[in-house]
Amino acid sequence: VAADCGVKQYRPGYFFYDVKKETFRQSFYRIKAGFASLAALSEDTGVKTVYQNHSSWGPSVFGGLVWDVWEAIRDLDPKLVGLEYDPMHAYFETNLSWSHGLELASDRIGAVCLKDFHYQLSKKNPKDHAKFMCAAGQGVVPWKEVKRLLDACKVKAPFAVHFEYKFDEKDLLKTVKSELDFFKGVFG
């Protein structure tokens with residue numbers, strides 16, 4: 001039905017490491033087999049799977065690192081399975097080495113997520129820093145460098161703007177315009 005409606009790709013739910021029942025390696029190979037099943041589904045339907053890298057909210061989320069997603073999909077047909085690259089999550093997970101994952105997986109990027117964050121002191125532990133979602137350009141994601149690398153790697157993919165921070169819900173159009181203006185300024 002999705003293919004008949006013109007849908008070209010979709011983002012599946014997340015895979016999880018089962019740290020209580022399996023070793024990391026066992027979980028990884030189970031998840032890798034799951035990607036092979038998604039590739040078969042994509043081949044049958046004509047709708048490509050693009051898995052989002054997402055920073056962990058514990059030891060169980062697969063895809064916090066772009067490296068583990070790439071390792072799981074690298075032998076699969078890139079026309080069937082790819083990555084919804086999220087610079088914000090990549091930066092949060094690996095800080096200054098975020099760019100290595102982008103370069104490694106660049107030929108697999110089927111979409112790019114646009115959102116920003118900064119660090120703030122954790123309420124649970126004042127010696128720790130937590131991720132705080134914020135408006136585009138108010139965070140630490142190095143957007144000009146993201147654009148430079150996407151261009152250098154010849155990535156041509158749709159963008160998905162996310163609104164994962166508190167904003168004035170009474171003036172949603174102002175928020176959307178502000179986000180779009182910022183990202184248009186970066187990506188032209």
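Helices here are DSSP runs of H or I with at least four residues, numbered from the N terminus, and Thr175 is found in one of them, helix 6. Welcome to a quick tour of this predicted model. An open sheet of five strands, paired in parallel, has the order 1-2-3-4-7. The largest nonpolar core holds 43 residues, and the structure has one cavity of 30 Å³ or more.

**The sheet**

- Strand 1 (9-10) and strand 7 (159-161) are the edge strands; each has a single partner strand, so one side of each has no neighbour in the sheet.
- Strand 1 runs parallel to strand 2, and two bridges join them; Gln9 has Lys48 as its bridge partner in strand 2.
- Four bridges pair strand 2 with strand 3, again in the parallel sense, and Thr49 stands opposite Val81 of strand 3.
- At the other end of the strand order, strand 4 and strand 7 run parallel and are joined by three bridges; here Leu114 faces Val161 in strand 7.
- As a general reminder, strands of a sheet pair through backbone hydrogen bonds, either parallel or antiparallel.

**Covered strands**

- Strand 2 (residues 48-52) is mostly covered, with five of its five residues buried.
- From strand 2, Lys48, Val50 and Gln52 point one way while Thr49 and Tyr51 point the other way, and all are buried.
- Strand 3 is mostly covered as well: five of its five residues are buried.

**The nonpolar core**

- Within the largest nonpolar core, Phe35, Phe62 and Ile109 are the residues with the most contacts.
- Helix 1 (24-45), helix 2, strand 3 (81-85), helix 3, helix 4, strand 4 (109-114), helix 5 (143-152) and helix 6 (172-187) each bring at least two residues to this core.
- Leaving aside residues up to four places away in sequence, Phe35 touches Phe15, Tyr51, Phe62, Ala72, Ile73, Leu76 and Val81.
- Among these contacts, Tyr51 belongs to the residues of strand 2, and Val81 is the residue of strand 3 that stands opposite Thr49.

**Pro12 and its surroundings**

- Pro12 sits in the loop between strand 1 and helix 1.
- With a relative accessible area of 13%, Pro12 falls under the 20% cut-off, so Pro12 counts as buried.
- Beyond residues up to four places away in sequence, Pro12 touches Leu38, Thr49, Val50 and Tyr51.
- Pro12 and Val50 are 38 residues apart in sequence, yet their C-alpha atoms are 7.2 Å apart in space.

**Thr175 in helix 6**

- The relative accessibility of Thr175 is 11%, which is under 20%, so this helix 6 residue is buried too.
- Not counting residues up to four places away in sequence, Thr175 is in contact with Phe163, Tyr165, Phe167 and Asp168.

**The cavity**

- Rolling a probe the size of a water molecule over the atoms shows where empty space is left.
- The largest cavity encloses about 40 Å³ of space.
- Its lining is made up of Leu65, Val66, Trp67, Ala90, Thr94, Ser97, Trp98 and Gly101.
- At least two lining residues come from each of helix 2 (66-73), helix 3 (87-94) and helix 4 (98-105).
- By class, this lining has five nonpolar residues, three polar residues and no charged residues.
- Helix 2, helix 3 and helix 4 thus appear in two places, supplying residues of the cavity lining and of the largest nonpolar core.

How values were computed
Residues numbered from 1 in each chain as written. Predicted model: local features only at pLDDT ≥ 70, side-chain atom pairs only at ≥ 80, totals over all residues. Heavy atoms only, no water. 1 Å grid on protein atoms, 1.4 Å probe; cavity = no way out; pocket = protein on both sides within 12 Å on 5 of 7 lines; lining within 4 Å. Points joined across faces, edges and corners; volume = space filled by probe spheres on them. Nonpolar A, V, L, I, M, F, W, Y, C, P; charged D, E, K, R; others polar. Core = buried A, V, L, I, M, F, W, Y, C linked by side-chain atoms within 4.5 Å. Buried < 20%, exposed > 50% of the residue type's maximum accessible area, 1.4 Å probe, protein only. Contact = heavy atoms within 4.5 Å. Pairing = 2+ DSSP bridges.
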